[in-house]
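Trainee: I am new to this structure, and I would like to understand how its descriptive terms are earned. Could we go through them with care?

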Amino acid sequence: MTAPLTPPPPSLSAVAPSPSPSPPSSSSFPVRALAPVPAFVPVGVAGADAGTDEPVKLWLCPNDGLPPAVAGLLAAHWLDAQEQKTASRFLFERDRRQYLLAHTLVRRALALEAGLAEAELVIWRSARGRPFLRPAPGELPRGGAQLDFNLSHAGGYSLLGIVRRHRIGVDVERLEDRDERAITTIVRTFAAPEREWVEQAAEGPDRDRRALRVWTLKEAYSKARGLGLGLPFDAFVFTLDDERGVRAFTPPADDTARPWRFVELEPVPGVLVAVAVPADAAQDPVLHLGYGFPWSRSELRSFPLPRPVGGHLAAVPA
């Protein structure tokens, strides 16, 4: 008896919709009232060829950046058995669609970076549930032995961060998704100086924005550490400024040596993004951002990362 044939994975050219639209104009891209960030420039034009060729990569994809039928088709061929099982457990279709979009985004973006097919990527999870790409036995086809990634989703958006050699943590939040009670609850988890800074703003949108700026930074840092909510949020302190962004960082007691770089962005009005990466003297201090589903790397834009804060710069490896 002839075994049934397994249909081949879909061709990307056959399922890819028209390229995702570019993010909003560069004037609305930096978080309002943060340190100025240069306008978008195409990768390879400004800042992208300084130092090494290992920048931080970000992809921000709205839920409508990939039609549900396309997400389902790609997920059927790309996701592993555990991911398929998880997707089948969602009670609500909107949650299942969010999961499929986020996890096809992960596999597609990692495939672009690693030079491997999406279905060949092996993703492990730590005891705390943090996902990892299984290290390659040698060099990945596109160089390096490993990639680290981190995923966040909220308010109809999925955010993926990718970096080589060390860890990355990312978080995305939508201002309109948080009511007054939720804002009050998260502010209670902050350290006293952060609570004071938040409460100095007028009640309403300004105070909510400050609260979510602190929250996204704390989420990004704790996820980069691989600790998530296991790290008390009052154990470390961000000193923020409406004009200069993150001015200082006081880390928890077990992380006082190395400095960090923290990025705050508002790529879509009302959608706040934070990124945390350890500072590395060998790392090109550039961030590349893509908006929409990553059919290719041609949509990436580039700008410099902020200066390191916290720790001791002498501890950064040369």
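Mentor: Before we place any residue, note that helices, of at least four residues, and strands, of at least two, are DSSP runs numbered from the N terminus. With that in hand, Arg 225 can be placed in the loop between H7 and E8. Please keep in mind that this is a predicted model.

Trainee: What makes Arg 225 count as buried?

Mentor: Buried means under 20% relative accessible area, and Arg 225 has 17% relative accessibility, so the term applies. Leaving out residues up to four places away in sequence, Arg 225 touches Arg 167, Pro 252, Asp 254, Asp 255, Arg 258 and Trp 260.

Trainee: Where does Asp 255 lie, and why is Asp 255 called buried?

Mentor: Asp 255 belongs to the loop between strand E9 (245-250) and strand E10 (260-268). Its relative accessible area is 5%, and because the cut-off for buried is under 20%, Asp 255 is counted as buried. Apart from its neighbours within four places in sequence, Asp 255 is in contact with Tyr 221, Arg 225 and Trp 260. From C-alpha to C-alpha, Asp 255 and Gly 311 are 7.6 Å apart in space, although 56 residues apart in sequence.

Trainee: How many aromatic pairs does the structure hold, and what makes Trp 215 and Phe 233 an edge-to-face pair?

Mentor: There are 14 aromatic pairs in the structure. For Trp 215 and Phe 233, the centres are 5.2 Å apart and the planes stand at 65 degrees; since rings pair if their centres lie within 6.5 Å, and planes over 60 degrees apart count as edge-to-face, both conditions are met. The pair links distant parts of the chain, with Trp 215 in helix H7 (residues 205-224) and Phe 233, 18 residues apart from it, in the loop between H7 and strand E8 (237-241). Trp 215, at 11% relative accessibility, counts as buried, and so does Phe 233, at 6%.

Trainee: Why is H3 called roughly antiparallel to H4?

Mentor: The axes of helix H3 (residues 81-88) and helix H4 (residues 93-114) come within 9 Å and cross at roughly 160 degrees. Because angles over 145 degrees count as roughly antiparallel, H3 is described as roughly antiparallel to H4. The contact is made by Glu 83, Thr 86 and Ala 87 of H3, together with Arg 96, Tyr 99, Leu 100, His 103 and Arg 107 of H4.

Notes. Residues numbered from 1 in each chain as written. Predicted model: local features only at pLDDT ≥ 70, side-chain atom pairs only at ≥ 80, totals over all residues. Heavy atoms only, no water. Phe/Tyr/Trp six-rings, centres within 6.5 Å; stacked < 30°, edge-to-face > 60°. Buried < 20%, exposed > 50% of the residue type's maximum accessible area, 1.4 Å probe, protein only. Contact = heavy atoms within 4.5 Å. Axes fitted to C-alpha atoms, helices over the stretch in contact; angles between N-to-C directions. Parallel < 35°, antiparallel > 145°, perpendicular 65-115°, else oblique.
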